[in-house]
Amino acid sequence: MKFQAVRGCEDYYPQDYATREAVFEVLRRVAASYGFSEVSSPAIESTELLIKKSGEEKKEQLFNIVKRGSEEMSLRFDLTVSITRMFVTKQKELPKPVKWFGLERMWRYEAPQKGRLREFYQLSVELFGSDKPEADAEVISMALGCLKAFGLGPQDVVLKLNNRKLLEGLVKHVAGREETDAIIRLIDKSADLKEKEYIDALMNEGLDQEQANKIAEISSIRGTPNDVLARLLQMQLPPESAKGLDELEAVLPLIPQEYVMLDLSLARGLAYYTGNVFEVFDKQGELRAILGGGRYDNLVELFGGEKEAATGFAIGYSTLSLLLQAKGKLPNPTTGPDYYIVGIGANETVKARELAGKLRKTNTVETDLLGRKLDKQLKYANAIGAKKLIVIGPQELASGVVKVKDMQSGKEETRPLNDF
């Protein structure tokens, strides 16, 4: 019986791993350029902490580790929980704003889909301590900066932007009630529903036909910032929505306009978002969201800290890599050694290993481990993508001079063995 990786999890062979690490290197470099510091946390968190952020409905998606006595632990499904917990621990002593990011592995038990795995990697960026529009603009600009670093532009991706206060105020006004979480979640999923399905689902939440139609009309508002703002300014907005609109208008001049579409159907489902929210999609609409985030000013307090403004975003490797591959922009780093050294005879093999030891101080080097003849070693060196080849035979051993061959160009240079 052959065993395979668990469904929804991926193996990373050397080339896959090198590609992933090359993507991570770019993300880390962009984060550092914005002044964010990397942090790390345990993969295991208390189940109570994990569901406190997202509610009981997320409990079914947790990979539970163990329950012994009063302890119940699960694998994390995102990093915002862990990083916020870390912030709360040292909240009073940290200079504000705090700008942290993590790039780690996470787990979510659900049906695997294209770009959505059970085990996945995610960059999570969190900014604590500022309620200013500049903080929202910082994380939005950094999110776009991550994509720009791979050569993706406004012809490739679109940033959809909305504000939870704006949307929730309108929904409460139409629905005539304060509790609107279920309706907001439906709005967030409306793009995946046919019109009748969407209206019926809204009516199943207690809305009448007129209310459902009005909610559908509101959630269909999308377009360029100028067009949507003009339409909103003509509406009689409730106070909560007016405040949300002010927050949107404050951040718009601070971010790259060429990427932005205002979309009132965007809600980022989870109830803890409190202000501006955003997601980035590929322009063709073939993939799920590449990244998403927003403001969550109540989360620190929810986790036992003092009330503190916070905003951030997350970008998943699975969907990002699919987009980069489709655009021909996925890194393709070489995994072969810098040198492959052949020793033709016994004495020459000893010299080859001696030279390999010297070169390994600053290079990656391979030598033969199977006692193969010259032709098979040359084929192997080519197969593994060795960058340079050195062959040590009796003549090279006697003269102390070898030829170093560039495997890509075929050019050779002569060097004394003592020069290495």
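**Exercise 1.** In this predicted model, find the strands that helix H3 lies across.

*Solution.* Start at helix H3, residues 80-89. Look underneath for strand S5 (98-107) and strand S6 (119-128): H3 lies across both of them. Now compare directions, and you'll get an angle of about 35° between H3 and S6.

**Exercise 2.** Work out the strand order of the open sheet of nine strands, and say which strands sit at its edges.

*Solution.* Walk across the sheet and you'll read S1-S5-S6-S12-S11-S10-S7-S9-S8, with mixed pairing. The edges are strand S1 (37-38) and strand S8 (222-223), each of which pairs on one side only. Take S8 next: its pairing with strand S9 (residues 260-263) is antiparallel, over two bridges. To see a bridge up close, pick Gly223 and hop over to its partner in S9, Leu262. S9 also has helix H10 (residues 239-251) lying across it, along with strand S7 (157-163) and strand S10 (276-282). H10 runs at about 145° to S7.

**Exercise 3.** Do the same for the open sheet of three strands.

*Solution.* The order here is S2-S4-S3, and the pairing is antiparallel. Strand S2 (44-46) and strand S3 (64-68) are the edges. From one strand to the next, the twist averages 25°. Zoom in on S3 and strand S4 (residues 71-75), and you'll find four bridges joining them. One to check is Val66, whose bridge partner in S4 is Met73.

**Exercise 4.** Decide whether Ile344 is buried, partly exposed or exposed.

*Solution.* First, locate Ile344 in the loop between strand S13 (339-343) and helix H13 (346-359). Its relative accessible area is 48%. Exposed needs over 50% and buried under 20%, so Ile344 counts as partly exposed. Finally, look at its company: Ile344, Leu374 and Leu378 make up a nonpolar surface patch, together offering about 230 Å² of accessible area.

Notes:
Residues are numbered from 1 along each chain as its sequence is written. This is a predicted model: local features need pLDDT of at least 70, side-chain atom pairs count only at pLDDT 80 or more; totals for chains, interfaces and linings use all residues. Side-chain values use heavy atoms; hydrogens and water are left out. Two strands pair if DSSP finds at least two bridges between them. Contact means heavy atoms within 4.5 Å. Axes are lines fitted to C-alpha atoms, for helices over the stretch in contact, and angles run from 0 to 180 degrees between N-to-C directions. Patches are made of residues with over 30% relative accessible area and no salt bridge: like charges are joined within 9 Å, nonpolar side chains (Val, Leu, Ile, Met, Phe, Trp, Tyr) within 5 Å. Accessible areas come from the Shrake-Rupley method with a 1.4 Å probe; for residues, only the protein chains shown count as cover. A salt bridge is a side-chain nitrogen of Lys or Arg within 4 Å of a carboxyl oxygen of Asp or Glu. Buried means under 20% relative accessible area, exposed over 50%, partly exposed in between (1.4 Å probe, protein chains only).
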